[in-house]
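Please walk me through this model in the viewer, one selection at a time. I would like to know what to pick and what is there.

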Amino acid sequence: MRYTTSVVISALLIFVHVVVCLFLIIVVLLQSGKAADLAGAFGGMGSQTAFGPRGSATLLSKATTISAIIFMLTSISLSIVATRSAGISVVPVLERHGAKTTPAAPVTPQPGQQKK
């Protein structure tokens, strides 16, 4: 069985996409929310204000950003590969197959015919 390059590329992209999806789910679920400590429940900023109100970029937030970028790139790449393999183009289907797209002339009744 002979595989074409588009089949191999789409299979590789699907595999990478699924792995990144699972990794992104795990990384997002492992992160704590903003002011997730006890002081955050009462409106205080607590001890997490050493680097300002936003906080420092942790390893989990960097991993989330990188995996989100990879997720978007694989999504766009999969859509491009799918449209190219499906043969979708800007030219309408009728024009590709040589069908005439000129409108038909309106039907006029013959002088001898009467409406009933």
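The tour below takes a pair of helices and then a surface patch.

Keep in mind throughout that this is a predicted model.

**Stop 1: the helix pair.** Select residues 5-30, which make up helix 1, and then add residues 59-86, which make up helix 3. The two axes come within 9 Å and cross at roughly 150°. Angles over 145 degrees count as roughly antiparallel, so helix 1 is roughly antiparallel to helix 3. Turn the view until one helix lies in front of the other: helix 1 passes helix 3 in a left-handed crossing.

Next, colour the contact by residue class. Between helix 1 and helix 3 there are 18 nonpolar and 8 polar residues, and no charged residues.

**Stop 2: the surface patch.** Switch to a surface view and select Leu12, Phe15, Val16, Val19, Ile66 and Ile70. These residues form a nonpolar patch on the surface, and their accessible area together is about 540 Å².

Which helix gives the most to this nonpolar patch? Helix 1 does, with 4 residues. Helix 3 is represented too, since each of the two helices supplies at least two residues. To see the helix 3 side, centre on Ile66, which lies in that helix.

Definitions and conventions:
Residues numbered from 1 in each chain as written. Predicted model: local features only at pLDDT ≥ 70, side-chain atom pairs only at ≥ 80, totals over all residues. Heavy atoms only, no water. Axes fitted to C-alpha atoms, helices over the stretch in contact; angles between N-to-C directions. Parallel < 35°, antiparallel > 145°, perpendicular 65-115°, else oblique. Left-handed = near helix turned anticlockwise from the far one by under 90°. Nonpolar A, V, L, I, M, F, W, Y, C, P; charged D, E, K, R; others polar. Patch = residues over 30% accessible without salt bridge, like charges linked within 9 Å, V, L, I, M, F, W, Y side chains within 5 Å. Areas by Shrake-Rupley, 256 points an atom, 1.4 Å probe, with all protein chains shown as cover. Salt bridge = Lys/Arg side-chain N within 4 Å of Asp/Glu carboxyl O.
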